[in-house]
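Let's take a walk through this structure together, starting with how helices pack and moving out to the whole chain. Have the viewer ready.

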Amino acid sequence: MTRQVQDAYIVAATRTPVARRNGMFAHVRPDDLLAHVLSAVVGKVPALDAHEIADVIVGCAMPEAEQGMNVARIGLLLAGLPDNVPGITINRFCASGLQAVADAAARIRLGEADVMIAAGTESMSAMPQIMGNKVSLNPAIFANRDNVGIAFGMGLTAEKVAQQWKVSREDQDVFALHSNQRASAAIAGGHFRAEITPYTVRTHLPGDGGAVRVVERVRDTDEGPRPDASLEALAKLKPVFAARGSVTAGNSSQMSDGAGAVLLMSEAALKRYGATPIARFVSYSVAGVPPRIMGIGPIEAIPRALAAGGVKLADVGWIELNEAFAAQSLAVIRELGLDPARVNPFGGAIALGHPLGATGAIRTATVMSAMQRDPKLRYAMVTMCVGTGMGAAGVFERV
Amino acid sequence: MSKLIIRKVAVLGAGVMGAQIAAHCANADVPVVLFDLPAKDGPPNGVIERAIAGLTKLDPAPLAAKDLAGHIDAANYDTDLERLRDCDLVIEAIAEKMEWKLDLYAKVAPYLRADAIFASNTSGLPIGKLAEGLPESLRQRFCGVHFFNPPRYMALVELIPAPATDPLMLDALEAWLATRLGKSIVRAKDTPNFVANRVGVFSILAVMHHTARLGLGFDEVDALTGPLIGRPKSATYRTADVVGLDTLAHVIDTMQATLPDDPWHTWFRQPDWLQALIAKGALGQKTRAGIYRKDGKKILVLDPRTGDYRPSRSDIVSEVATALQTLNTAEKFAWLGASGLPEAQFLWAIFRDLFHYCAVHLDEIADSARDIDLAMRWGFGWARGPFETWQAAGWADVAKAIQMDIDAGRAMTKEPLPAWVFLRGSVHEAAGSYSARDNLLKARPTLPVYRRQLYPDALLGEAPADRGETLWENGGDADGVRLWTRPDVDARIGILSFKATLHAIGDEVIDGMCEAIARAERDLDGLVLWHDAPFAVGANLQQVAEACKAGQFALLDGKVAKFQQVSMAIRHAQVPVVAAVEGMALGGGCEFAMHAAHRVLALESYVGLVEAGVGLIPAGGGSKEFALQAHRRAQHAAGRDVFPFIQQSFQTIAMATVAKSALEAVQLGFAQPSDDVVMHARELPYVAIARARALFEAGWRPPLINRAVTVAGRSGIATCELMLVNMAEGGFISEHDYKVAKAAATALCGGEVETNAQVGEQWILDVERALFVELLKTEKTQQRIAHMLETGKPLRN
């Protein structure tokens, strides 16, 4: 990828805490969460003239209802950005947020823009079912055996991966336990504090004499991790997706609500606004795999992204691998020989949650924070598998 | 007295009984305030709120629909007593401690309205003593109302007056308990443990005594004292575990303390093994160990000789069982008396002592023999009460045998049978039931509320029920239908009753219904579909299996078509057809009910389309009805999309879900919100006749047949298949389950037509029928049918 005219730099990144589905953000709208992170990320560069933002690209996996109507445009207007700033909602399911970062970077690298915002938002609480408000499948899917995988639930694909890559139930549970332990330790150590912009939730409760009582609570901590997780408790859970399977609620990612936003600039813009870059956007790759084993997507995407950026795996010090399921995470780690110590040092989606289209932007904020904390961390990566069979990976270099 | 209106009930005490009584009030659409002590920690009503939430998790369910829990408010004695002022009926159900109860009465009395009824659910404390704890002014509005556990399911409520209780208030309360709560009432005297527990606990003590005397195992005795003698499956010892061994011990102690002059007094004590279990904290089901204990999947039973548990035998079959199953009551007792088998001796002994006890105490504890028999049926789930059993066994012969055993010292006491026993040949007669106190026959109570029960539970020996006037019938004694009326109730509303076992629907029923509906259209103003429960268990599978075996699929197609015609005839008859449902209404029975102009359902109705269990889909119009419902509901829903409504019914049908109450039947779409839910099943025909009459008087006209039903079509089928693919790939369902469920989806979605196509009702009927016959042709469906006929259980293949 040498045809770019200039580099794209990440200048700021932030996120909301991630809530469990029907948890602390049960009644918070995803467009409000989006507006919140958009104004927060813009606020991180006080000198920035918001009129100069060329576009706001927002990833969302179920862009309908509360997060429909081109939520990008609605969110940026609610955030108080000027009318002249456009917005586009994109959807590559679980990679939507990372795709937004890659697309925003691409516009800068092509020389089309100097300031871009990439973001992601998702409220799985707002969806009446996890497949969206209205599920309607094409009959042709069932007419051809080759297409049936399209209809496989994500958990079922994880079972298929567990079978094919021989990932045991015990290994999955141990992985899940580590995810919870790492995430809990990171929270206890205050390591997410820098990347999270707290969100104030207003709740209306019945008050005395039929009145309504308004309670405001500042939410600044991820809700998912279970510090008390244990192998015994994990081992007791029943498989959900297959009668004799190994994938449980405990070793799968949590359904969540949350949003993240990333501010990108060209070198010219950095100079113009006196902004300090955190990282250079190095490369991005996305690849398709059979839908029935969608979880192995990163096996295809990671080597391509590394090759495109000319980066060696050994030089990548921090990998945010979205833990859709422990089964597929372990298959990816083993197949590519990833160093478990560098994968999700602060835990992953099993503990921290996975608000689908927002995850890519949220985890980008996590690696930016890691780079700011650790001067020795040169390369970092955000990668995930994607429903209906894809993988995506993005590489960042500390500057 | 003026009309009794109960707008709100308060229940004091959120324990097992209190919470469940509250739940049953909610079932009857009566708002309830459930009181208890404030919690020591946390929110003051926290414990009570947890008790209310717990009601949604119990099995059997105290609530007929989960959302009813929202009509029970939590309150505590410290801050909420003001709320009692809104309550027209206050039921106290706290622990059985006289001092506690009196303390509470003193506390609540100032808050009770002058016209409120105050009642205690005590199971044994003297009502007269409790009344003395109340200010004079409240005493005439105080009485005992003793519910049985679980209160939703046990019919009995004992109504016990205190000396000052206003008799008119009692009559009004009895009527309310009957119609509004659906309970069956026995008026009890204020004697220890009242009627049912007095006899029932004695019966348990007698069983325990003879178990030990004859060295039988608890599991053996349960096999003998369950359904084999017309008692519940949990029989004696398992029932004790369910009730709680501590509770049982408490009741035994009460008898010990309060009945010093009872000739059986020496037997009112806890056996050693029971004391040992209680001392160990093994109190039965609630502590997961008692007389029985579960070890993984194995059930263990206590061996009283060793104090250890041993594996329980569930396969106890003996000569006794065969004899009991084949003989009539008189022969049974003759056989038991003559047999030398320990099991036979055991059974004779427990009946002998039960009869003996009841005869001696009749004058003291009950108004008539009928009250004891009904109390045992309604409160303990016995099929027959002691007196009617005795009478059916041959009154004089059994009396002689009992007296012989008493004289020989074989009975539990030397107390002779009272003289009246030998002066009579029976206790239940056409004129009434015997009252030992008044030495005469007493007729059934004549309160107006009982005019609503056209067919009350009848005792052996009573006057036969009025069979009404038969207009037409077919199929002999054990098949087909009878069309009849009760001219004394409404001579122009016909009643159509099935005659086959479990009211299965076979060829004779189908033919009979065609004719009966035609006759009703011609000669009557309306038609009620009613017979005793179950409403109908579905199509006659035997006939289906035989036709399959003979490869007569064209014939079967014709039969299904005729079934569909009957469904459509019910729906489109020129007179209103009202289905009166109690108990199971499954498969074809459910389809007939769904097609009625109106349904009157007893609260305890179990309704479902369970065809999937035998590898079939609803094809008597049931699939069509759900497609039609989806169409109707979608007309008023945003987007007019029919699929969300189909999706719900697809799951219901594919999983053969059965509604476990009339309210759940409405939620699942088997019944409609405008239908009537009747709390007392014995009021069903009365209400159904009245409803048919009202529909006729309102100018009944059959609905038009819909010629443009919007169906979900191919995309709908595919979206159902999404679920099936995942369940099949996950190994949750078999290939044949998939096939059957896909057929159900196809019928519900109106066939392989384009999404949102408009089709006529007959098209959907044709689709469901064709899919049904296709499934019948498959080997696996035929295996499922055969298995169901052999075992009564569904086969998973």
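Angles between helix axes under 35 degrees count as roughly parallel, over 145 as roughly antiparallel, 65 to 115 as roughly perpendicular, and the rest as oblique. Keep that in mind as we look at this predicted model.

Begin with helix H13 of chain B, residues 329-338, and helix H16 of chain B, residues 386-407. Their axes come within 7 Å and cross at roughly 40°, so H13(B) and H16(B) are oblique to each other. The crossing in which H13(B) passes H16(B) is right-handed. If you would like to find the contact on screen, H13(B) brings B:Thr329, B:Ala330, B:Phe333 and B:Gly337. From H16(B) come B:Thr389, B:Ala392, B:Ala393, B:Gly394, B:Val398 and B:Ala401. Sorted by class, the contact of H13(B) with H16(B) holds six nonpolar and four polar residues, with no charged ones.

Now move along chain B to another pair of helices. Helix H20, residues 541-549, packs with helix H30, residues 779-791, at an angle of about 140°, and their axes are 10 Å apart. H20(B) and H30(B) are therefore oblique to each other as well. Here the crossing is left-handed. On the H20(B) side, the contact is made by B:Leu541, B:Gln542, B:Val544, B:Ala545 and B:Cys548. On the H30(B) side, look for B:Gln782, B:Ile785, B:Ala786, B:Met788 and B:Leu789. The contact of H20(B) with H30(B) has eight nonpolar residues, two polar and no charged.

Let's step back to the chain as a whole. The domain assignment divides chain B into domain 1 (9-187), domain 2 (196-435) and domain 3 (469-781). Between the C-alpha centres of domain 2 of chain B and domain 3 of chain B the distance is 43 Å.

UniProt has its own labels for parts of this chain. An unreviewed entry annotates residues 8-191 of chain B as "domain: 3-hydroxyacyl-CoA dehydrogenase NAD binding". That span of chain B, residues 8-191, is 30% helix and 21% strand, with its end C-alpha atoms 30 Å apart. For residues 194-293 of chain B, the unreviewed entry gives "domain: 3-hydroxyacyl-CoA dehydrogenase C-terminal". Residues 194-293 of chain B are 56% helix and 2% strand, and the end C-alpha atoms lie 32 Å apart.

Finally, what does each chain bring to the contact between chain A and chain B? Chain A supplies 18 residues and chain B supplies 15 residues. On the side of chain A that touches chain B, twelve residues are nonpolar, four polar and two charged.

Terms used: Residues numbered from 1 in each chain as written. Chains lettered and ligands numbered in written order. Predicted model: local features only at pLDDT ≥ 70, side-chain atom pairs only at ≥ 80, totals over all residues. UniProt positions renumbered as here; feature names shortened; annotations may be inferred. Helix = DSSP H or I, 4+ residues; strand = E, 2+ residues; numbered from the N terminus. Domains from an automatic or database assignment. Contact = placed C-beta atoms within 7 Å. Nonpolar A, V, L, I, M, F, W, Y, C, P; charged D, E, K, R; others polar. Axes fitted to C-alpha atoms, helices over the stretch in contact; angles between N-to-C directions. Left-handed = near helix turned anticlockwise from the far one by under 90°.
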